[in-house]
Amino acid sequence: MASLKSEIKKDGDRTMVTLTGAMDEESDLKSIFSELNGPTTFDLGGIERVNSMGIHLWIPLITELSNAHDVLIERIAYPMVLQANTVANLFGKARVTSCFAPYFSPAVHENFMVEVRAEEVKDGTAPVKLCPETGEEMEFDELDSYFYFLQRQA
């Protein structure tokens, strides 16, 4: 399995953190968070797998950082969304801006993971997304409660 990898870079006064791979007991999250002090944006689009030990390591670190600084979470990968719907404080006080969601295109008979902005989700309802290949409307391919964690943040 892929271990957790991070890329940290500055964008003005904001630190941009991209995490990819597996968030598990082998993840050195303390080392990553030790480099963070100030406004931070996390890109979680590359998280492939999450387990309870990874979540156990993540929560106190993101809580401490988001209590002290402006923290944004974007492009949350599917495994993290599933966790966000069961773990109430997964992102501390950070603001979620977007996540990936599964859609099915009947036109091409393919599944796509599509980025959905938080403001697109109204009353927990999946927004309309168009097939990247045909431009036709796709079907949301998850339970209605998929965006529950976004409603909790509102």
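Mentor: Buried means under 20% relative accessible area, exposed means over 50%, and partly exposed lies in between. Keep in mind that this is a predicted model.

Trainee: Why is Phe140 called partly exposed?

Mentor: Its relative accessible area is 23%. That value falls between 20% and 50%, so Phe140 counts as partly exposed.

Trainee: What makes Phe147 buried?

Mentor: Phe147 has a relative accessible area of 0%. The cut-off is under 20%, so Phe147 is buried.

Trainee: Why is the pair of Phe33 and Trp58 called edge-to-face?

Mentor: Their planes stand 80 degrees apart. Over 60 counts as edge-to-face, so the name fits. The centres are 5.6 Å apart, and pairing needs them within 6.5 Å. Both residues are buried.

Trainee: What does that pair tie together?

Mentor: Phe33 lies in helix H1 (residues 29-34) and Trp58 in helix H2 (residues 52-68), so the pair ties together parts that are 25 residues apart in sequence.

Trainee: How do you know that Phe140 and Phe147 are stacked?

Mentor: The angle between their planes is 25 degrees. Stacked requires under 30 degrees, so this pair qualifies. Their centres are 5.4 Å apart. Both rings belong to one aromatic cluster, with Tyr78, Tyr103 and Tyr146. The structure holds 8 aromatic pairs.

Trainee: Now the largest pocket. How do its lining residues divide?

Mentor: Into 8 nonpolar, 3 polar and 1 charged. Arg152 is in the lining, and Arg counts as charged. Gly92 lines the pocket too, and Gly counts as polar.

Trainee: Which helix gives the most to that lining?

Mentor: Helix H4 (residues 148-153), with 3 residues. The pocket holds about 160 Å³ of space.

Key:
Residues are numbered from 1 along each chain as its sequence is written. This is a predicted model: local features need pLDDT of at least 70, side-chain atom pairs count only at pLDDT 80 or more; totals for chains, interfaces and linings use all residues. Side-chain values use heavy atoms; hydrogens and water are left out. Rings of Phe, Tyr and Trp (its six-membered ring) pair if their centres lie within 6.5 Å; planes under 30 degrees apart count as stacked, over 60 as edge-to-face and the rest as tilted. Helices (H or I, at least four residues) and strands (E, at least two) are DSSP runs, numbered from the N terminus. Buried means under 20% relative accessible area, exposed over 50%, partly exposed in between (1.4 Å probe, protein chains only). On a 1 Å grid over the protein atoms alone, a cavity is a set of points where a 1.4 Å probe fits but cannot get out, and a pocket is an open set with protein on both sides within 12 Å along at least five of seven lines; lining residues have an atom within 4 Å of a point. Grid points are joined across faces, edges and corners, and a volume is the space filled by probe spheres set on the points.
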